[in-house]
Amino acid sequence: MEVRVRYAPSPTGLQHIGGVRTALFNYFFAKSSGGKFILRVEDTDRERYSDESLQDLYDTLDWLGVKWDEGPVVGGPYGPYIQSERTAIYQEYAKKLVDMGKAYYCYCTSERLERLREKQIAEKSPVQGYDGHCRDLTDEQRKELEAQGFKPVIRLKVPREGSTTFHDVLMGDITRENKDVSPDPVLLKSDGFPTYHLANVIDDHLMGITHIMRAQEWIPSGPLHVLLYEAFGWEVPTYCHLPMVMGSDGHKLSKRHGSTSVRDFRAKGYLPEALLNYVSLVGWSYDGEKEFFTREELEKCFSLEKINKAPGVFDYQKLDWFNAQYIRQKSDKELADLLLPYLKAAGRLDDKDYDRLLAFVPGVRDRLTLLSDIVPMTDFLEDHGEPDAAILIPKKMDAASSLSSLKAVYELVKDDLAKGRTDDELQNDLCELAQGLGIKNAGVFNPLRAAVTGLQVSPPPFSCIHLLGEEESYRRIERAIEVLEREVEKNV
RNA sequence: GUCGCCUUCGUCUAGUGGUUAGGACAACGGGUUUUCAUCCCGUCAACGCGAGUUCGAUCCUCGCAGGCGAUGCCA
């Protein structure tokens with residue numbers, strides 16, 4: 001039988017790490033077993049729904065390179081794939097359940113429910129939840145309530161005896177006494193929309209879903225869903241509850257732990273391949289040794305058996321490490337393309353500066369963790385005026401020796417660049433110069449760095465010259481030479 | 001409260017009835033180096049606790065503790 005799995009998010013907020021992990025595991029499982037990955041939008045909560053969230057869902061999956069075989073936009077044989085377009089289906093099935101005596105209309109107001117809840121908490125009642133007030137209403141009572149204008153919901157009649165068991169690929173059999181299953185949960189809300197439980201079960205059945213992979217927070221509603229499948233007389237799919245993703249304090253990952261939305265990560269300059277790689281490794285492993293995986297590899301080697309049962313803490317530092325690793329794998333051009341938008345946004349560069357950026361990239365590649373790190377690394381582009389003599393003079397050198405070093409360096413750099421020498425050749429020449437002058441390499445490189453950038457910490461000086469342009473660089477070097485000359489005179 | 005799930009270095013994890021319990025991130029130390037990084041080398045560091053089964057348990061069983069989750073006209 002063909003594997004059919006789905007990712008069924010609710011567009012009530014930005015896509016976050018936990019959701020993406022679930023999406024990825026579903027997607028990889030589908031691909032690795034030659035099945036189908038279905039996207040379904042569970043927008044039944046009209047209060048919290050937003051168009052922005054829906055767009056964010058599409059953007060996120062696109063960015064990660066995850067393509068759905070069936071779902072919104074692409075369509076498919078079991079559409080529509082957006083639940084708000086399927087309300088008639090849910091209403092029909094809910095009605096069917098009522099007709100079969102497996103569900104009933106409930107007219108309780110939310111005020112009564114609220115009071116009930118407060119009372120149960122105050123009395124520390126062992127049973128919590130709906131008390132079945134409307135479970136056995138007669139037709140007359142119902143008619144009267146309707147006449148009074150009460151809008152009913154439909155509740156599932158959960159058996160009060162017996163127990164329900166479902167099988168989970170990871171967890172094994174999970175059994176729950178029916179009396180402990182959520183008491184008579186609402187299936188159809190008074191606004192005519194289904195609740196998650198109803199819509200989810202109906203759609204998974206109608207769409208031929210074979211495996212339900214979702215976070216472990218859903219385990220408690222497993223028996224409820226099974227009860228629903230049984231009420232309809234449908235086959236129960238295979239369950240696989242995924243370990244949760246936690247923050248460093250052991251609680252469910254949330255904003256207070258740092259960024260959680262993919263949009264944030266993306267804006268900061270995380271690469272999709274890094275995020276995808278790292279996220280795939282929380283709750284899953286291949287052999288404990290290999291840890292670099294492309295999306296294509298995961299599409300082949302992902303397997304349910306290697307999913308971990310225990311919840312995992314999301315490690316921001318390790319994500320950073322992965323990101324740095326992936327940045328280093330980029331070619332000059334790829335990286336320049338990725339970096340340019342950040343520089344443009346910061347007002348540092350323009351499209352016309354692309355070639356200079358390209359020449360700058362090799363000098364910063366190993367220094368980047370996030371793409372956005374490029375901005376502080378180009379601080380030197382802004383001219384901060386005449387540099388202090390102090391930063392032009394390396395340790396264990398004085399103004400005079402720094403001056404002669406910088407002068408010699410200047411001549412050499414100008415000469416080499418005019419001849420079109422590479423950075424490597426330039427570097428060799430400068431090292432030889434240092435030897436000739438009888439000083440350490442720092443004695444030639446640091447005055448140059450300080451002269452060009454006005455800073456003591458910067459990317460390699462040649463890279464900076466490339467980005468700054470020779471004309472501006474030489475202007476700054478000449479200015480620095482003047483500063484040192486004055487300093488020497490002062491000391492005489 | 002009730003019900004359920006989980007438990008190997010700080011973190012992600014591998015692993016087995018007999019192993020020096022392996023890898024990665026982090027941390028720490030050293031080396032290379034023109035700053036900052038990178039890179040290289042090394043160090044530290046784990047089987048939650050208590051019984052039982054067994055010649056032998058990290059691994060099997062039971063109990064306990066701790067953690068997390070659910071208990072909504074949210075998903």
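**Note on the predicted model of chain A with RNA strand B**

1. Chain A has a radius of gyration of 32 Å, whereas a compact globule of 492 residues would have one near 23 Å. The model under review is a predicted one. Along the principal axes, the C-alpha atoms of chain A fill a box of roughly 110 × 45 × 40 Å.

2. The chain is divided into four parts. Domain 1 is made of two segments, 4-82 and 246-317, while domain 2 covers 86-242. Domain 3 takes in 330-377, and domain 4 takes in 389-491. Between the centres of domain 2 and domain 3, taken over C-alpha atoms, the separation is 54 Å.

3. As to secondary structure, chain A contains 20 helices and 11 strands. Two pieces of it, a sheet and a helix, are described in the next two points.

4. Strands E3, E4 and E7 form an open sheet in the order E3-E4-E7, and their pairing is antiparallel. Strand E3 (103-106) and strand E7 (186-188) are the edge strands, each pairing on one side only. From one strand to the next, the twist averages 45 degrees. Four bridges join E3 to strand E4 (residues 153-156) in the antiparallel sense. Within this part of the sheet, Tyr105 stands opposite Ile154 in E4. In general, the strands of a sheet pair through backbone hydrogen bonds, in either a parallel or an antiparallel manner.

5. Helix H17 (residues 423-437) permits a check of its length. Its 15 residues, at 1.5 Å a residue, should span 21 Å, and the end C-alpha atoms are 21 Å apart, so the two values agree. Just after H17 comes Gly438, which takes a positive phi of about 70 degrees.

6. Which residues are the closest to RNA strand B? They are Gly129, Gly288, Ala310, Asn441 and Phe445, out of 64 residues that surround the strand. Several elements give two or more residues to this surface: helix H4 (110-122), strand E6 (172-177), strand E11 (312-313), helix H11 (316-328) and helix H18 (441-453). The largest share, five residues, comes from H18.

7. What is the make-up by class of the surface near RNA strand B? It has 24 polar, 21 nonpolar and 19 charged residues.

8. For a reader new to the structure, two points may be kept in view. The radius of gyration of chain A is 32 Å, against a value near 23 Å for a compact globule of 492 residues. On the RNA side, H18 supplies the largest share of the surface near strand B.

Key:
Residues are numbered from 1 along each chain as its sequence is written. Chains are lettered from A and ligands numbered from 1 in the order in which they are written. This is a predicted model: local features need pLDDT of at least 70, side-chain atom pairs count only at pLDDT 80 or more; totals for chains, interfaces and linings use all residues. Domain bounds come from an automatic or database domain assignment. A residue is near a molecule or strand if its C-beta atom, placed from the backbone, lies within 6 Å of it. Ala, Val, Leu, Ile, Met, Phe, Trp, Tyr, Cys and Pro count as nonpolar, Asp, Glu, Lys and Arg as charged, and the others, Gly among them, as polar. Two strands pair if DSSP finds at least two bridges between them. Axes are lines fitted to C-alpha atoms, for helices over the stretch in contact, and angles run from 0 to 180 degrees between N-to-C directions. The expected span of a helix is 1.5 Å times one less than its number of residues. The radius of gyration is taken over C-alpha atoms; the globule rule is 2.2 Å times the number of residues to the power 0.38.
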